[in-house]
Amino acid sequence: MTSSKDLATPYATLPFCQLQKLARSVLEHELETIRTGGTWKGERIITSKQGPHINVDGSRGDILNFCANNYLGLSSHPQVVEAGIEALKKYGAGLSSVRFICGTQDIHKDLEQKLAKFHEREECILYASCFDANAGLFEVLLGPDDAVLSDELNHASIIDGIRLCRAKRFRYKHMDLNDLETQLKQSQSSRMRLVVTDGVFSMDGDVAPLKGICDLAEQYGALVFIDECHATGFMGPRGRGTDELLGVMDRVHIVNSTLGKALGGAAGGYTVGPKPLIDLLRQRSRPYLFSNSLPPPVVGCATRAVELLLASNEIAQSVGAKTMRFRNKMTEAGFTISGSAHPICPVMLGDARLASLMADDMLKLGVYVIGFSYPVVPKGKARIRVQISAAHTDQDIDRAVDAFIQTGRKHGVVS
Ligand code: PLP
């Protein structure tokens, strides 16, 4: 038997050091590959609160921010912040527990009820993030006799969630209803089938053809799931999401979404859907059962954001005109903007290095945008993803367009 004395000798530690050295060189090689490939993702440090105007470490003065998912400008909304402070004072910093042990407060139940009401679904379950909601859903709902049919460009968290479940997997071409129908025909022997799609795809800002998907699902007897992270709060007349926008709220069975984008931007995710499903998730969903409750200040902020949206449709509508101003002006200037009317406005550039260089130059002009490249988007489809917020003024948008024109001319993207 090895004694602790033996472990302390140089002989025992030498192989481990060599191993460490080897592991370090493997990692460094991998990092160098990313750097030389031009796909390195740096992190800029913000020294103010989130909003359309921010301070960024290393850049002087006020920077215009065009890359947050702060679609409705609620991340620093005074009422949202105040609600977080009140919840912190009344309910404390956190629960030190998962929900089923001693981690459920009245505010968690209240937020779940409000979210179910907002989405017009029977029940809601909160998670620490939508990544967790996606990781925890499919394994509970689908077994080996079932099938999942997933859009090839679904979010990474959906892909990971599906990997964890034992259902048969069918991947259909991006937003391609013909291919979805082919897969539905091929999966006909399965007990239960679930069609899975992002409502809005975050890299392109394109909206899933939900009406066609629901028609096919009904024809072939499948259920429909949508991830509404980039839709909740502002898509559709009352901001309920793409299902409201496309008139299929009563035909989509399960919705996952986030509290970390339009709904105050703090953190948290959730599933809304039929009561038996939500009850089963509370019993079996691993990220729910084995991870801490949402902290009270986060619950307080999100609850206020949902209350604001339930009280008036005005906030939900506040980002549309600004989005079109940016899209129209950029298109007139000669840029290619992907997607249609969504506040995600990807300025398509193709080359990863160009996207990254242009984003750096934009920051020098006081506009914070980010270049996206492989593996976040396919190779050769690098872009700068601009995101419009209701909190941007028309002047902010015009300043961003001017900076794009100046930078685009420098790099030969526009004339
Ligand atoms: N689904 C989609 C489509 C997303 O864009 C994101 C976030 O980037 C997530 C899920 C994960 O959301 P969260 O940040 O709440 O984990």
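Which helix gives the largest share of the shell around the ligand? Select helix 6, residues 130-141. Three residues of the shell come from this helix, the largest share. Keep in mind that the model on screen is predicted.

**Stop 1: the ligand**

Now select the ligand and show what surrounds it. Its shell holds 13 residues. The closest are Cys 130, Asp 227, His 230, Thr 258 and Lys 261. Colour the shell by class: three residues are nonpolar, seven are polar and three are charged.

Next, pick out three contacts.

- Cys 130: a backbone N or O atom of this residue lies 2.8 Å from an oxygen atom of the ligand.
- Asp 227: look at the side chain here, where a polar atom lies 2.7 Å from a nitrogen atom of the ligand.
- His 230: this side chain places a polar atom 2.7 Å from an oxygen atom of the ligand.

Switch to a surface view. On its own, the ligand has 390 Å² of accessible area, and the protein covers 81% of that. The space the ligand takes is the largest pocket.

**Stop 2: a three-stranded sheet**

Leave the ligand and select strands 1, 2 and 13. These three form an open sheet, in the order 1-2-13, with mixed pairing. Strand 1 (53-54) and strand 13 (367-368) are the edges. Each has a single partner strand, so one side of each is left without a neighbour in the sheet.

How do strand 1 and strand 2 pair, and over how many bridges? Zoom in on strand 2, residues 63-65. The two strands pair in the antiparallel sense, over two bridges. For one bridge, select His 53 and then Leu 64 in strand 2, its bridge partner. In general, strands of a sheet pair through backbone hydrogen bonds.

**Stop 3: two backbone details**

Go to the loop between helix 3 (78-91) and helix 4 (99-102), where Ser 96 is placed. Check the backbone angles of Ser 96. Phi is near 50°, a positive value in a residue other than glycine.

Last, move to the loop between strand 14 (370-372) and strand 15 (382-387), and select Pro 375. Add Tyr 374 to the selection. What kind of peptide bond joins Tyr 374 and Pro 375? The bond is cis, with omega about 10°.

Terms used: Residues numbered from 1 in each chain as written. Predicted model: local features only at pLDDT ≥ 70, side-chain atom pairs only at ≥ 80, totals over all residues. Heavy atoms only, no water. Pairing = 2+ DSSP bridges. Helix = DSSP H or I, 4+ residues; strand = E, 2+ residues; numbered from the N terminus. Near = heavy atom within 4 Å. Polar contact = N/O pair within 3.5 Å; in protein donor to acceptor, adjacent residues only side chain to side chain. Areas by Shrake-Rupley, 256 points an atom, 1.4 Å probe, with all protein chains shown as cover. 1 Å grid on protein atoms, 1.4 Å probe; cavity = no way out; pocket = protein on both sides within 12 Å on 5 of 7 lines; lining within 4 Å. Sits in = over half its atoms within 2 Å of the grid points. Nonpolar A, V, L, I, M, F, W, Y, C, P; charged D, E, K, R; others polar.
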